[in-house]
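Me: I would like to go through a protein model and ask what stands behind the words used for it. Please give the reason each time.

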Amino acid sequence: MAVVQQTYRGSELDALFPTPSYPPHVLAPSRYPGPSAETVEALIRVLKDNHTKHHIFFHDKPLHNHISHRALALYAIGASGSLIEEYYKQDSGRQRLAIAPPEAITEKNFIDHLGDNKYYFAYKDFFTKVLEEKGLSATLEEYVFSKKYNFIDGRDASAQPALLSRFLGSAFHAFIHVGYGAEMGIPGMVVEGLGMASVHEDEFLPPHLFDPSGIVEKETGRLASLFLNAKTSAASSRLEQQPRNHAFSILAKIQQDPEFSRKEVKKYFKDLEGLMSTHGDTVWRYAEEWTIDVSQPGEIERKMEECIWTNAVIYTVGGWKEGKGFTADFIFMHLVTPTLFLPSLLPYLTQNSQILLLRAYFASTLGWWIARGFPSLDIRGFVNGTSHLSESSQAKVTNEFLDIVQSAITHPNDHMSKIQRAFAHFSSIYGTRPKGYFKDTGLEGAEALDGSLFLRAARLTEEFTDEGRRPFSQAAFPVKD
């Protein structure tokens, strides 16, 4: 396969990678002070160079190119341009160079080459044209959330386009990419992310989600505000007949389900594909029991918050064991960081696509939690065992997160700036939640949680990685007999 460097007119690259814009929603993360005109110039040089030179995967296996993720996170938390370029030099040395695709992607052959990473640059070029023509909202609605690009009647299950599952699959990397594009107004990140999603393998997604009589009935052409008290859709009217279930109550229920016995969890340890092939219907049944009632004002905002807390709890409390301390799990970390982009992506979607995205994300969370060993959630033990982390360790430090974020800027692990930025932002919007806020959710010990969870999570992550001497754990949580 020929190695190439894509060529663009200067104006084309400028349009793909403009100066970052302000976030699209008040709940999206704000920028830290520090960047200068030189910082922006360095950032854009890095993004453009990566876009033209490198594949989205390191090699044939789907290990992702994180160059733009790190560069944009560093920019957002105030790093200098010289540091952004220094990390680019380090990270680019291990990247796979651009590969000329066998042919161009068109509407006619779009589905034929899904999942084949030789066509990454062809899909990227395709979405460059689509995004310029349709804009972000219409592009996402058509190519990620429509039935046409997910399930085709009469087609074999293994040959379905399944774009939504590809978008959320492979540990949410395409979702993060497009999320950065939405947050910072960078079209190049969107086309790279959609190109990446197109060459991901598909994962389990129930076909009925895209049927008019299913859990989501499309209402095209109408964008929904996060706070919109919109007309009740088929999704909410169906859910109104069920008990109102918080995301935490679903965690409580699924922990008690004998279908996920120790023996069964051990059988599918670290095998998400196998787990979902066998138990995907059950996982999705739980995801559909999660109440999302859009007849209630502010419901999408509330459900977004539940999604953020759920993934933070699984990463933090699920990673903690009395007597053993905390393990920063690599995959659980990848459940947390994408939730940072929910406030930036949701405003671009129609109401029913918002519901579908939240529910699909939640189902992915449940699947990964089980496949990583289904660690128990000892919330009271965690809260008591980490109480020393909930306040500043030094009297002179008035804002612990400023020190944490500063350390993340120079941390050698390219995931650190992303996850610490996420925890800092979640603390800024949810840090004032008091103990007892989750007392009626049905999850044992949830009443002990408060907004200090995010500070505890950030400090535990910092301690675990030991200033870069230890990576995030790949071991997961083995099931004992």
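The questions below take up single terms and set them against their cut-offs.

Me: What kind of model is this, and what does its secondary structure come to?
Reply: The model is predicted. The protein chain has 19 helices and two strands. Of its 481 residues, 60% count as buried. The chain exposes about 19,000 Å², and carbon and sulfur atoms supply 51% of that area.

Me: Why is T316 called buried?
Reply: Buried means under 20% relative accessible area. T316 has a relative accessible area of 0%, so T316 is buried. The residue lies in helix α12, which covers residues 299–316.

Me: What makes the side chain of T316 and the backbone oxygen of A312 a polar contact?
Reply: The N or O atoms of such a pair must lie within 3.5 Å, and one must be able to donate a hydrogen that the other can accept. The side chain of T316 reaches the backbone oxygen of A312 at 2.8 Å, so the distance meets the cut-off.

Me: Which residues is T316 in contact with, leaving aside neighbours within four places in sequence?
Reply: They are F326, F382, F423, L453, A457 and L460. Contact here means heavy atoms within 4.5 Å.

Me: How do you know that α11 is not a straight helix?
Reply: Helix α11 runs over residues 272–289 and has 18 residues. A straight helix would reach 26 Å at 1.5 Å a residue, but the end C-alpha atoms of α11 are only 21 Å apart. There is also a bend of about 80° at H279.

Me: What makes α11 mostly covered?
Reply: In α11, 13 of the 18 residues are buried.

Me: Why is the pair of F260 and F374 called edge-to-face?
Reply: By the ring rule the count comes to 29 aromatic pairs. The ring centres of F260 and F374 are 6.4 Å apart, and a pair needs centres within 6.5 Å, so the two rings pair. Their planes stand at 75°, and over 60 degrees counts as edge-to-face, so the name applies.

Me: What does the pair of F260 and F374 tie together?
Reply: F260 lies in the loop between α9 (247–255) and α10 (262–267), and F374 in the loop between α15 (351–371) and α16 (379–385). The pair therefore ties together parts that are 114 residues apart in sequence. F260 is at 5% relative accessibility and F374 at 14%, so each counts as buried.

Me: Why is the pair of Y437 and F438 edge-to-face?
Reply: The ring centres of Y437 and F438 are 4.9 Å apart and the planes are at 90°, so the pair is edge-to-face.

Me: Why is Y437 called partly exposed, and F438 buried?
Reply: Y437 has a relative accessible area of 40%, which is between the cut-offs of 20% and 50%, so it is partly exposed. F438 is at 3%, under 20%, so F438 counts as buried.

Me: Is E192 buried or exposed, and where is its place?
Reply: E192 is at 2% relative accessibility, so it counts as buried. Its place is in helix α7, residues 187–199.

Me: What does E192 touch, not counting residues up to four places away in sequence?
Reply: E192 touches F17, N50, H51, S68, Y120, K124 and H177. E192 and H177 are 15 residues apart in sequence and 7.2 Å apart in space, C-alpha to C-alpha.

Methods:
Residues are numbered from 1 along each chain as its sequence is written. This is a predicted model: local features need pLDDT of at least 70, side-chain atom pairs count only at pLDDT 80 or more; totals for chains, interfaces and linings use all residues. Side-chain values use heavy atoms; hydrogens and water are left out. Helices (H or I, at least four residues) and strands (E, at least two) are DSSP runs, numbered from the N terminus. The expected span of a helix is 1.5 Å times one less than its number of residues. The bend at a residue is the angle between axes fitted to the seven residues ending there and the seven starting there. Buried means under 20% relative accessible area, exposed over 50%, partly exposed in between (1.4 Å probe, protein chains only). Accessible areas come from the Shrake-Rupley method with a 1.4 Å probe; for residues, only the protein chains shown count as cover. Rings of Phe, Tyr and Trp (its six-membered ring) pair if their centres lie within 6.5 Å; planes under 30 degrees apart count as stacked, over 60 as edge-to-face and the rest as tilted.
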